[in-house]
Amino acid sequence: MVTPAQLERLGEHLHKLRLQKSAERLEALLQQAATEELPYADFLEQVLGEEVAAKTAKNISMRTAMARFPFVKPLETFDFTYQPSIDKRQVLTLASCHYIEHGDNVIVLGPPGVGKTHLAVSLGIKAIEAGYRVLFTSAAQLIATLTKALAEGRLDEKLKLFTTPRLLIIDEIGYLPIDRVGANLFFQLISRRYERGPMILTSNQSFGAWGEVFGDRVIATAILDRLLHHAVTLNIRGNSYRLKEKLKAGLVRSFDEQSQPGGEI
């Protein structure tokens, strides 16, 4: 039996050691141990196991918030049956995060609405769960941030912001045109992360169209040269999730029934 004085002292010890979960569950854990007549080692393993699980969940939640995802959707919610062009086994291999250790980039190409951002976010969540620091940004927001920093004389500071995270996700390359200044700033960031920190990038434009996206074929070639040196490319050729219900109703044509603008992805 545990006396009230012992219970109080145990609680104080747990608080001083910052074992908050154990402190909250102390009485219940002691009662369970007594009821089940747990051996000392089993009881200690249960206490420490719950504490580790609680701290891990808290850290994942904190890193997820710091990643600045536009939404949180785990990979398990991605509908691979709706996008058969995606190699599910390849995506699950990426979910193991070995590409991060190898320094490989992941580039996801496809028309709007096919799940590029969902995949990028989901892989980012897997990276966080594996203990990596992740940062998400859209290409437009990235360029705007760096352009403003350049004007304010704080470019190096902002470049460090996007260079420090182990995994950087840049979404929606090609949705908005990038001027020459923005293209040069984008190139500087890619050069800083080259063979140092992997990235996930999504785009609705084929690599051949990136010269138009960045307004300069020379800069686009230099960017792609660094990105593709160590990279895995996922091509999604399917229908938009946003049009799923309209497709079922026959209100719009499917991807296979219409030609895609802009050539091959």
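R154 sits at 27% relative accessibility, so it counts as partly exposed. In this predicted model, the side chain of R154 meets that of E152 in a salt bridge, with N and O 2.4 Å apart. E152 is partly exposed too, its relative accessible area being 41%. The pair does not stand alone: E157 joins E152 and R154 in a network of salt bridges.

Across the model, the salt bridge count comes to 9. Another of these links R25 and E50, whose side chains come together at 2.7 Å, N to O. R25 belongs to helix α2 (residues 20-36) and E50 to helix α3 (residues 40-67), so this contact ties together parts that lie 25 residues apart in sequence. Neither end is hidden away under the 20% cut-off for burial: R25 is partly exposed at 27% relative accessible area, and E50 is partly exposed at 21%. Then there is D87, which forms a salt bridge with R89, the closest N and O atoms being 4.0 Å apart. Here D87 is partly exposed, with a relative accessible area of 36%, whereas R89 is exposed, at 67%.

Turning to the annotated region, UniProt (in an unreviewed entry) places the feature "domain: AAA+ ATPase" at residues 102-234. Over that stretch the chain is 50% helix and 20% strand, and the C-alpha atoms at its ends are 17 Å apart.

Helix α6 covers residues 116-129. With 14 residues at 1.5 Å a residue, α6 should span 20 Å, and its end C-alpha atoms are indeed 20 Å apart, so expectation and model agree. As for its surroundings, 13 of the 14 residues of α6 are buried, which means the helix is largely enclosed by the rest of the structure. Just past the end of α6, G131 takes up a positive phi of about 100 degrees.

Next comes strand β2, at residues 134-138. Burial goes all the way along here: 5 of the 5 residues are buried, so β2 is largely enclosed by the rest of the structure. Its side chains split between two directions, with V134, F136 and S138 pointing one way and L135 and T137 the other, and all of them are buried. On the pairing side, β2 runs parallel to strand β3 (residues 167-173), and 5 bridges join the two. One of the residues involved is V134, whose bridge partner in β3 is L167.

Notes: Residues numbered from 1 in each chain as written. Predicted model: local features only at pLDDT ≥ 70, side-chain atom pairs only at ≥ 80, totals over all residues. Heavy atoms only, no water. Helix = DSSP H or I, 4+ residues; strand = E, 2+ residues; numbered from the N terminus. Expected span 1.5 Å × (residues − 1). Buried < 20%, exposed > 50% of the residue type's maximum accessible area, 1.4 Å probe, protein only. UniProt positions renumbered as here; feature names shortened; annotations may be inferred. Pairing = 2+ DSSP bridges.
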